[in-house]
Amino acid sequence: MFTTVWTASPQQPSEGFTPNWSREGFWRQSVRQTVRPGAGGDRLRIRLSNAYGTSPVRLAGATVGRSRGGARVQPRSLRRLTFQGARGTEIPPRGQLLSDPAELAVDAHEPLAVTLYFEAVSGPATFHAQAFTTSHRGPGDLLTDVSGDGFDATTESWYFLTAVEVDAGRTDAVALIGDSITDGFGSTPGADRRWSDALAARTGRPVLNAGIGGNLLLNDSAWYGEKAVHRLRRDVLQHPGVDTLVVLLGLNDIGFSETTEQPTYHPAPVVEAAELIEGHRELLRQAQGLRVIGATLLPFGGSDHWGAHAAKVGHELNEWIRGSGEYAEVVDLHRVMAGPEDPDRLHPAYDFGDHLHPNDAGYEVMAEALARIL
């Protein structure tokens, strides 16, 4: 029985937050991506997504192996991946593709390097904008290049790769759905210090990160992904082995209407707590059968999301999450992350610096609070 042990939520090609290769795609190039599975097994397979492509993507080949850091791979661990027995395949438009299982023993949290080679023009690439992990690109077929010397360019995004599954036979995976806080903004790039990483280390359970920077509960965005009420099924419910869902959403729905310095989502609708509550209820309806935990919004006073209306709606939403009884359980992140002098501001020790996102220490505190109730 296969269990999903790593995920990245797909997004449509866009400029995103930092330079990336999603719009140009790949041609006669290889891309090597590093991922960190949350559980081990003796066999693995990968899931590729062309969710935002309008034509098939031709994949000439793929390999997987244990990462040695950077673009390097442990030579004896390198395995060719096949798709219904063939090395080459096509990812259908608006669709996804699962590889055949490969015989490779994987340990929990051991970094893996997945390499994809595109001989033909891929077109714009379905991707995940903020990986906070380096991906490598190089000219030609570098599927078996274990030294990494052939790769000459880097970004911090993942391309086409959306899941790794192993034959762990586990049904205790925890999925976190959210925005940039779940995605890991503010954590140290390349260090795996997101709150999903910290939670996996504390609990020993696979933790799937379904965060997208800037994501909203109620509205779609070209940069920030489909609204959570639409993407939950694809990004969480379809993955085997998930039994717990944690919801941390609503901050951008509230805060983008207050943001003036970087108007990346404008005109932003002004929402009320009742609309957000109905969005949370829709997630609960879709996730029936799972244990669903509600997370209160973190303090965000002093950030670019803060304003009189945002403060009011944020408090109302948090009170509903705490007191309605509609969530199976609640992790009160607002309380544990609040500063000692002003409960509407992040604790200075946990603040990345923008009064909105936690730093590494803050993500550890969030993971500790959730681990207590798992």
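Okay, so Arg 94: buried or exposed? Arg 94 has a relative accessibility of 54%, and exposed starts over 50%, so it counts as exposed. Keep in mind that this is a predicted model we're looking at. To find Arg 94, go to the loop between β7, residues 89-91, and β8, residues 96-98. The backbone there is a bit of a curiosity: phi of Arg 94 is near 60°, a positive value in a residue that isn't glycine. For context, most residues other than glycine have a negative phi.

There's another one like that, Asp 192. Its phi is near 55°, again positive and again in a residue other than glycine. Asp 192 sits in the loop between α1, residues 180-183, and α2, residues 195-203. The relative accessible area of Asp 192 is 22%, so this residue falls in the partly exposed class, which runs between 20% and 50%.

Asp 192 also takes us to a pocket. The second largest pocket has a volume of about 420 Å³. It has 31 lining residues, and the closest to its centre are Trp 6, Arg 36, Trp 158, Asp 192 and Arg 194. Who supplies that lining? At least two residues each come from β1 (3-7), β2 (29-35), α2 and β17 (207-211). Of these, β17 gives the most, with four residues. As for chemistry, the lining has 17 polar residues, nine nonpolar and five charged.

Now for the closed spaces. How many cavities of 30 Å³ or more are there? The count comes to two. The largest cavity holds about 70 Å³ of space. Around it you'll find Leu 297, Leu 298, Pro 299, Phe 300, Trp 306, Ala 311, Gly 314, His 315, Asn 318, His 334 and Asp 344. Helix α6, residues 308-323, has the largest share of that lining, with four residues. Sorted by class, the lining is six nonpolar, four polar and one charged.

The second largest cavity has about 40 Å³ of space. Its lining is made of Asp 179, Ile 181, Leu 248, Leu 251, Leu 297 and Leu 298. That's five nonpolar residues, one charged and no polar ones.

You may have caught Leu 297 in the lining of the largest cavity and again in the lining of the second largest. So let's stop at Leu 297, which lies in the loop between β19, residues 291-295, and α6. Why does Leu 297 count as buried? Its relative accessibility is 3%, and the buried class is anything under 20%, so that's where it goes. Leaving out residues up to four places away in sequence, Leu 297 touches Leu 248, Leu 249, Gly 250, Leu 251, Ile 254, Gly 314, Leu 317, Asn 318 and His 334. Take His 334 from that list: it is 37 residues from Leu 297 along the chain, and their C-alpha atoms are separated by 5.7 Å.

Since α6 came up, let's see how it meets α5, residues 273-286. The two axes come within 9 Å and cross at roughly 35°, and the crossing is right-handed. On the α5 side, the residues in contact are Ala 273, Leu 276, Ile 277, His 280 and Arg 281, and they meet Val 313, Glu 316, Leu 317, Trp 320 and Ile 321 in α6. In that contact, seven residues are nonpolar, one is polar and two are charged.

Staying on α5, this helix also holds Gln 286. At 16% relative accessibility, under the 20% cut-off, Gln 286 counts as buried. Apart from residues up to four places away in sequence, it touches Val 229, Leu 232, Arg 233 and Leu 237. His 266 is another story: it's 20 residues from Gln 286 along the chain, with 29 Å between their C-alpha atoms.

Last stop, Pro 101, in the loop between β8 and β9 (102-106). Pro 101 is partly exposed, with a relative accessible area of 38%. Beyond residues up to four places away in sequence, Pro 101 touches Phe 2, Arg 43, Leu 44 and Arg 45. And if you want one distance to try on screen, Pro 101 and Gln 84 are 17 residues apart along the chain, and their C-alpha atoms are separated by 9.9 Å.

Conventions: Residues are numbered from 1 along each chain as its sequence is written. This is a predicted model: local features need pLDDT of at least 70, side-chain atom pairs count only at pLDDT 80 or more; totals for chains, interfaces and linings use all residues. Side-chain values use heavy atoms; hydrogens and water are left out. On a 1 Å grid over the protein atoms alone, a cavity is a set of points where a 1.4 Å probe fits but cannot get out, and a pocket is an open set with protein on both sides within 12 Å along at least five of seven lines; lining residues have an atom within 4 Å of a point. Grid points are joined across faces, edges and corners, and a volume is the space filled by probe spheres set on the points. Ala, Val, Leu, Ile, Met, Phe, Trp, Tyr, Cys and Pro count as nonpolar, Asp, Glu, Lys and Arg as charged, and the others, Gly among them, as polar. Axes are lines fitted to C-alpha atoms, for helices over the stretch in contact, and angles run from 0 to 180 degrees between N-to-C directions. A crossing is left-handed if the near helix is turned anticlockwise from the far one by less than a right angle, and right-handed if clockwise. Contact means heavy atoms within 4.5 Å. Buried means under 20% relative accessible area, exposed over 50%, partly exposed in between (1.4 Å probe, protein chains only).
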